[in-house]
Amino acid sequence: MRTYRVPMVPGPTAVPPAVLAAYQADYGSADLEDEYFDLYAQTEGQLQLILQTRNQCAIMTGEGMLALWGAVKSCLKAGDRVLAVSTGLFGSGIGDLARSIGAQVESVDFPWNAVADPDQVEAAIKRVRPKMVTMVHCETSSGTLNPVGAVGALVAKHDVPLFYVDGVSSAAGTELLIDGWHIDLGLIGTQKCLSSPPDLAIVTVSERAWRAVDEVGYQGYDALAPWKTALSDRYFPYTPYWQGLAALSQACQLILAEGLAAVFARHAQAAQACRQGLAELGLELYSGQETYSSPTVTAVQVPGQLGWAELDKRLRRRGVAVGGNYGQLAGKVFRLGHMGSQARVDLVQEALEALREALAGE
Ligand SMILES: *Cc1c(COP(=O)(O)O)cnc(C)c1O
């Protein structure tokens, strides 16, 4: 099925009509039109408000992974020391990504159903003396939210040159303080809490990160370098995606009009309703700990007697789409994505009702 009555997949999330409508214009050639540069500047300003940063935001054409790759390749050289904080699929994947370009990666690993312990990260920083610490804010596959602020303070205390944070599934759903938490490279996608289609990738770049970009000199489709001067020089490295940017700006506008505090509260309420309803159904959080939970996604143990394939089938029959899982969590843990447009208590209640029926019958 293409669309579900109750969309609960943790990205791509349901796109609001006003955002979809932004695609329906036959825009001219972005490079040649003042309006495009104005739109880019406007969208960057909106993102800076949402992400609470004064840093530049590179808005690139591609899915969120482009941000993750582009920032690694643009700021690291072979042999650079990296400390990868891993509490799950994305955290360990980022370590692999840095390894693939020849960086010397040490990981500090935590169980996938837990969050990072800042004391252990600090000990690892002292031991490894990395050029970059990498970390994931919301581990989407585990439904957990890492203490990025606490680790950011340690990164600053120990003068680690670069702090790389994947905020793809937390940005615009819960507080993510790019500047306040000393984040040099903030990696963001459009298809999670921003509820726009998966077509743009955003990287917030600090002054320190720009210096690393200059030093490394990486060139490629995913390179950050051209974005430093793209707006001021009115020169983009490839034909910009006007429709996608118009949609992203509209998505940001919806969030800012609602107000950041209200948006975050809506996510917290949806998550709370979700966890409470799951407990009433006798289902267990993957992490087992409410305090680890992300306000944007809840990861749940698949009830053993039913199995994932059957559970998924029963939910789909009821018009409910949830997320399965990957790697070591495949078949064992499923996810309810109450993020962006899907962070609604009524939608969560419908999903819970379908879950109740699926557990009780066919
Ligand atoms: C969604 C997501 C990404 C982007 O990856 P895709 O699965 O390719 O969409 C990166 N990091 C996190 C934490 C994500 O949730």
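Begin by selecting strand β13, residues 333-337, where five of the five residues are buried, so the strand is largely enclosed by the rest of the structure; buried here means under 20% relative accessible area, exposed means over 50%, and partly exposed lies in between, with a 1.4 Å probe and protein chains only. Strands (E, at least two residues) and helices (H or I, at least four) are DSSP runs numbered from the N terminus. The model is a predicted one, in which local features need pLDDT of at least 70 and side-chain atom pairs count only at pLDDT 80 or more, whereas totals for chains, interfaces and linings use all residues. Residues are numbered from 1 along each chain as its sequence is written, and side-chain values use heavy atoms, with hydrogens and water left out.

Colour the two faces of β13 separately: Val333, Arg335 and Gly337 lie on one side, Phe334 and Leu336 on the other, and all of these are buried. Then add strand β11, residues 297-301, which pairs with β13 in the antiparallel sense over five bridges, pairing being assigned if DSSP finds at least two bridges between two strands. Within this pair, Gln301 stands opposite Val333 of β13.

Next, select β9 (185-189), in which five of the five residues are buried. Leu185, Leu187 and Gly189 point one way from this strand, while Gly186 and Ile188 point the other way. Strand β8 (residues 162-166) runs parallel to β9 and is joined to it by three bridges, with Tyr164 as the bridge partner of Leu185. β10 pairs with β9 in the antiparallel sense over five bridges, and there Thr204 is the bridge partner of Gly186.

Stay with Leu185, which, along with Val203 and Leu224, is among the residues with the most contacts inside the largest nonpolar core, a set of 91 residues. Such a core consists of buried Ala, Val, Leu, Ile, Met, Phe, Trp, Tyr and Cys residues joined through side-chain atoms within 4.5 Å. Helix α8 (residues 242-258) gives this core its largest share, eight residues. Leaving aside neighbours within four places in sequence, the contacts of Leu185 include Ala71, Met132, Phe163, Val203 and Leu224, contact meaning heavy atoms within 4.5 Å.

From β9, follow the chain into the loop that leads to β10 (200-205) and select Ser196. Is this residue buried or exposed? Ser196 is buried, with a relative accessible area of 1%, and its contacts beyond four places in sequence include Val15, Tyr23, Gln191 and Leu248.

Now colour by domain, with domain 1 as 6-13 + 259-360 and domain 2 as 17-257; these bounds come from an automatic or database domain assignment. Their centres, taken over C-alpha atoms, are separated by 26 Å, and 27 residues of domain 1 are in contact with 29 residues of domain 2. The two domains bury about 2200 Å² between them, 63% of it on carbon and sulfur atoms, where buried area is the accessible area (1.4 Å probe) that two parts lose on being put together, summed over both. In domain 1, Leu260, Phe264 and Tyr292 lose the most area to domain 2, together 25% of what that side buries.

Finish at Tyr292, in the loop between α9 (260-280) and β11. Tyr292 counts as partly exposed, at 24% relative accessibility, and among its contacts beyond four places in sequence are Asn113, Val115, Gly143 and Leu145.
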